[in-house]
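I opened the notebook to record what I looked up in this entry, going from the whole chain to single residues.

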Amino acid sequence: MGMRKSGLASATASLALTIGVMGALTGTASASTGAAGAAATGITVCKDAYEQNCATNVPGYVGDVLKQVRPDLQDSISSIRNNSATTICFYEHNNYVGRGVAVPSGGALVNLSGTYVGGSSMNDVISSWAPLGGGGPKPPPGAAC
Ligand SMILES: [Ca+2]
């Protein structure tokens with residue numbers, strides 16, 4: 001009797017340990033997927049200035065923010081960070097049309113209210129984006145594209 005209880009307690013402790021280890025491994029696996037996997041584009045778009053209220057690791061090609069990323073971000077993006085490997089051009093209309101603003105690899109625009117293209121601000125207008133073609137020099141953050 002005492003022996004059975006002890007065996008059960010041991011099995012339970014062993015199971016708990018296994019679950020704990022699995023949890024740790026899963027955490028490690030998902031962290032490394034986040035760093036190197038397809039989902040980690042490094043592109044962050046935010047509803048508010050200074051990188052507040054963000055969607056992280058959004059796709060590199062987004063033709064329609066409302067349908068592909070988050071409905072509330074359509075015409076609402078106020079800051080951007082691009083930690084992808086390429087310059088991304090962010091456009092005011094769907095499907096890569098209209099005024100565009102470049103964000104180079106490793107660059108950010110933390111307050112689009114201060115970024116003017118064609119005489120008006122790029123704040124709360126962005127509706128699509130895509131990598132900027134060509135192998136030329138990187139444009140400065142905020143350059144028209
Ligand atoms: Ca906004």
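**Whole chain**

I began with the contacts in this predicted model, and noted that, among those in the protein with a separation of 6 or more, 61% are between residues 24 or more positions apart. I then looked up burial, and found that 23% of the 145 residues of the protein count as buried.

For the elements I wrote down two helices and nine strands, which run α-β-β-α-β-β-β-β-β-β-β from the N terminus on.

**Confidence**

I checked the confidence before going further: the mean pLDDT of the protein is 82, and 73% of its residues reach 70 or more. I marked residues 8–37 separately, where pLDDT stays under 50 and where the model has three contacts beyond four places in sequence.

**Four-stranded sheet**

I next followed the strand pairing, and recorded an open sheet of four strands in the order β2-β1-β3-β6, with antiparallel pairing. Its edge strands are β2, residues 52–55, and β6, residues 107–109, each of which pairs on one side only. I noted an average twist of 20 degrees from one strand to the next.

Within this sheet I looked up how β1, residues 43–48, is joined to β2, and found three bridges between the two strands, which run antiparallel. Opposite Val 45 I found Ala 55, in β2.

**Ser 79**

I stopped at Ser 79, which is found in strand β3, residues 79–82, and asked myself whether Ser 79 is buried or exposed. I entered Ser 79 as buried, because 23 other C-beta atoms lie within 10 Å and the cut-off for a buried residue is 20 or more.

I then listed the contacts of Ser 79, leaving aside neighbours within four places in sequence: Cys 46, Asp 48, Ala 49, Tyr 50, Glu 51, Leu 109, Val 110, Asn 111 and Leu 112. I also took down the distance from Ser 79 to Ala 108, which is 7.6 Å from C-alpha to C-alpha, with the two residues 29 apart in sequence.

**Three-stranded sheet**

I went on to an open sheet of three strands, in which the order is β5-β4-β9 and the pairing is antiparallel. Here the edge strands are β5 and β9, the latter covering residues 128–131, and each pairs on one side only. For the twist I recorded an average of 25 degrees from one strand to the next.

Between β4 and β9, which run antiparallel, I found four bridges, and I noted Trp 129 in β9 as the bridge partner of Phe 90.

**Largest nonpolar core**

Which residues touch the most other members of the largest nonpolar core? I found that, of its 23 residues, these are Val 45, Ile 77, Phe 90, Val 101 and Val 103. I wrote down β1, β4 (88–93) and β5 (97–103) as the elements that give two or more residues to this core, with the largest share, four residues, coming from β4. I added as background that in soluble globular proteins nonpolar side chains tend to be buried together.

I closed with Val 103, for which I looked up the residues touched, not counting those up to four places away in sequence: Ile 80, Asn 82, Thr 87, Ile 88, Phe 90, Ala 108, Leu 109 and Pro 141. I underlined Phe 90 in that list, since I had already entered Phe 90 among the core residues that touch the most other members.

Conventions:
Residues numbered from 1 in each chain as written. Predicted model: local features only at pLDDT ≥ 70, side-chain atom pairs only at ≥ 80, totals over all residues. Pairing = 2+ DSSP bridges. Axes fitted to C-alpha atoms, helices over the stretch in contact; angles between N-to-C directions. Buried ≥ 20, exposed ≤ 12 C-beta atoms within 10 Å, placed from the backbone. Contact = placed C-beta atoms within 7 Å. Core = buried A, V, L, I, M, F, W, Y, C linked by C-beta atoms within 7 Å. pLDDT = per-residue confidence, 0-100.
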